[in-house]
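This text walks through a protein chain, from its overall make-up to a single side chain. Please keep the sequence and the structure in view while reading.

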Amino acid sequence: MTAAILPVTPSATLTPSSIYDLFVPVSYKRLRAVAASCDGIRRERKNDTLPPSSHGHDFGGVSAVRVIIIGAGQVGSSIAADLDDTHDVVVIERDPERAEELNYSLDVLAVEGDGTAVATLEQAGIDRADMVIASTDNDETNIVACSTAKAISDAFTIARIKNTEYLRTWNRSEKAFGIDFMVCTNLLTAKAIVRVVGLPAARDVDPFAGGQVQMAEFEVGDESPVANQTVREADRFDSLTFAAILRNGHVEIPRGETVIEPGDRVVVIGSPGSVQEFATSVAPDESPGTAEEVVIVGGSEIGYHVARLLEERGFSPRLIEQDHDRARRLAEDLPGTVVMESDATNIEFLEREHIGDADMVVSALESDEKNLLVSLLASRLGTERTVAVIDTTAYVDLFETVGVDVAVSPREVVAEEITRFTREGSAENIALIESDKAEVMEIEVDADSVLTDRPIRESVRELPEGVVVGAITRGDEFVVPRGDTVVQSGDHVVLFIDADIADEVTPRL
């Protein structure tokens with residue numbers, strides 16, 4: 001018999017909204033300083049003076065630094081592949097076959113051994129390391145590895161963790177565990193999921209300029225009103241820029257006459273209101289806003305954080321959890337969520353609870369196969385959009401091909417986040433498009449920028465193809481970028497940059 005567990009008052013031991021605040025930790029500015037030093041970029045900071053390096057290194061303008069990555073799984077390998085062309089990368093891996101494979105497939109030095117052992121760290125050159133990234137699947141291993149590295153070196157340490165309790169402890173003191181920065185997989189994944197809620201057809205959304213600007217990627221379906229329109233016909237919004245079209249694995253910078261084809265992924269940059277309007281024009285039959293009904297399947301840590309973040313945004317989600325004790329705990333912890341105890345693969349239950357009427361179903365079970373099954377069942381019952389958490393990154397494209405609208409890989413999300421920070425340099429914020437195809441970058445322009453005190457039409461002529469000025473903010477003002485718009489020193493500019501030219505363009509901005 002199915003028991004409906006109604007929300008109750010949360011217990012006194014909970015910390016409801018503060019957990020999400022931990023996602024932007026106290027030492028974020030310190031990490032920014034290290035990233036700037038690692039990229040050899042010196043910036044004037046008027047009201048926020050930061051040291052050239054949080055751990056005392058002076059890189060003297062040399063762009064390549066020594067990065068030690070512990071763990072060569074999907075996350076570690078992805079980070080190594082992204083950094084190996086610009087940095088001196090050493091990877092520590094227990095599996096001898098995997099270590100040997102990396103030596104041949106990437107331009108890195110792979111060291112076989114235990115990343116928590118002093119001898120292995122010394123063999124990897126910890127005395128010369130500027131940054132250590134612990135990215136294994138085990139929280140405790142990553143914490144011990146960073147703590148050991150900090151004890152015997154001055155390297156900046158980044159740990160990948162899943163358990164938010166470690167994040168709470170670390171946030172109490174920047175010296176906890178000897179870790180300079182923590183990246184929490186569960187929170188990152190939940191945040192990535194919540195960003196697309198309320199934006200029909202959105203696959204990814206990232207905020208810039210303190211929330212004044214949004215970048216969003218939309219998939220254009222066969223029945224979409226913008227399908228087969230030119231960009232000029234689809235661009236009916238005052239503060240929106242069509243930055244790129246992703247088609248068949250390639251990045252195309254659109255012109256007015258470019259035709260938006262079914263299956264294209266369109267990247268736009270603009271004010272939150274204009275992005276919302278465009279989302280509605282892409283998928284007018286879907287229901288945007290906080291009235292949207294969201295069902296979360298699975299009371300995992302990811303499922304819990306999705307529900308909590310939705311509550312903070314004014315949503316009233318429903319959550320399905322099979323385990324009785326876990327369901328009871330979630331009902332206590334989530335006062336704005338209706339928690340139902342049941343097996344979400346039971347189609348009779350899904351029909352009885354009208355899951356087909358939901359605007360979005362988020363499947364956050366511990367099994368990729370079950371997440372796929374729930375998503376397909378929800379689609380069959382009539383749910384408008386399905387989002388599935390996929391632990392195996394290689395399955396993402398497959399699951400989306402067979403019917404999942406948005407597949408989110410926690411490993412891919414955390415790899416992108418770590419890579420983003422290590423590449424941030426002089427940028428205020430960076431979002432990676434399709435992992436490595438392009439970047440959306442926010443910069444604060446200074447007097448030396450190629451953009452400063454010139455019309456955009458003139459400055460972009462000096463930049464290679466593949467750069468689009470998407471938005472400008474000047475204090476609290478949103479400035480729509482047009483050809484005759486003059487960028488001023490101190491403006492925050494959000495740009496789309498093709499990955500192939502990023503290294504060439506970034507120093508000139």
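Two strands pair if DSSP finds at least two bridges between them. In this predicted model, Val 91 has Ala 110 in strand 4 as its bridge partner. Strand 3 (residues 88-93) and strand 4 run parallel and are joined by 4 bridges, so they count as paired under that definition.

The chain as a whole contains 18 helices and 23 strands. Of its 509 residues, 56% are buried. Among contacts with a separation of 6 or more, 62% are between residues 24 or more positions apart. About 21,300 Å² of the chain is exposed, with 46% of that supplied by carbon and sulfur atoms.

Strands 3 and 4 belong to an open sheet of 6 strands, paired in parallel in the order 4-3-2-5-6-7. Strand 4 (109-112) and strand 7 (181-184) are the edge strands, each pairing on one side only. From one strand to the next, the twist averages 20 degrees.

Helices pack on this sheet. Helix 3 (residues 74-83) touches strands 2, 3, 5 and 6, and its direction makes about 160 degrees with that of strand 2 (66-70). Helix 6 touches strands 2, 5, 6 and 7, and its direction makes about 175 degrees with that of strand 6.

What lies in the loop between helix 6 (139-152) and strand 6 (156-161)? Ser 153 does. Ser 153 counts as buried because its relative accessibility is 11%, and the cut-off is under 20%. Its side chain reaches the backbone oxygen of Ala 149 at 2.6 Å. A polar atom of the Ser 153 side chain also lies 3.3 Å from the backbone nitrogen of Ala 155.

Methods:
Residues are numbered from 1 along each chain as its sequence is written. This is a predicted model: local features need pLDDT of at least 70, side-chain atom pairs count only at pLDDT 80 or more; totals for chains, interfaces and linings use all residues. Side-chain values use heavy atoms; hydrogens and water are left out. Helices (H or I, at least four residues) and strands (E, at least two) are DSSP runs, numbered from the N terminus. Buried means under 20% relative accessible area, exposed over 50%, partly exposed in between (1.4 Å probe, protein chains only). A polar contact is a pair of N or O atoms within 3.5 Å; within protein, one must be able to donate a hydrogen and the other to accept it, and residues adjacent in sequence count only if both atoms are side-chain atoms. Contact means heavy atoms within 4.5 Å. Accessible areas come from the Shrake-Rupley method with a 1.4 Å probe; for residues, only the protein chains shown count as cover. Axes are lines fitted to C-alpha atoms, for helices over the stretch in contact, and angles run from 0 to 180 degrees between N-to-C directions.
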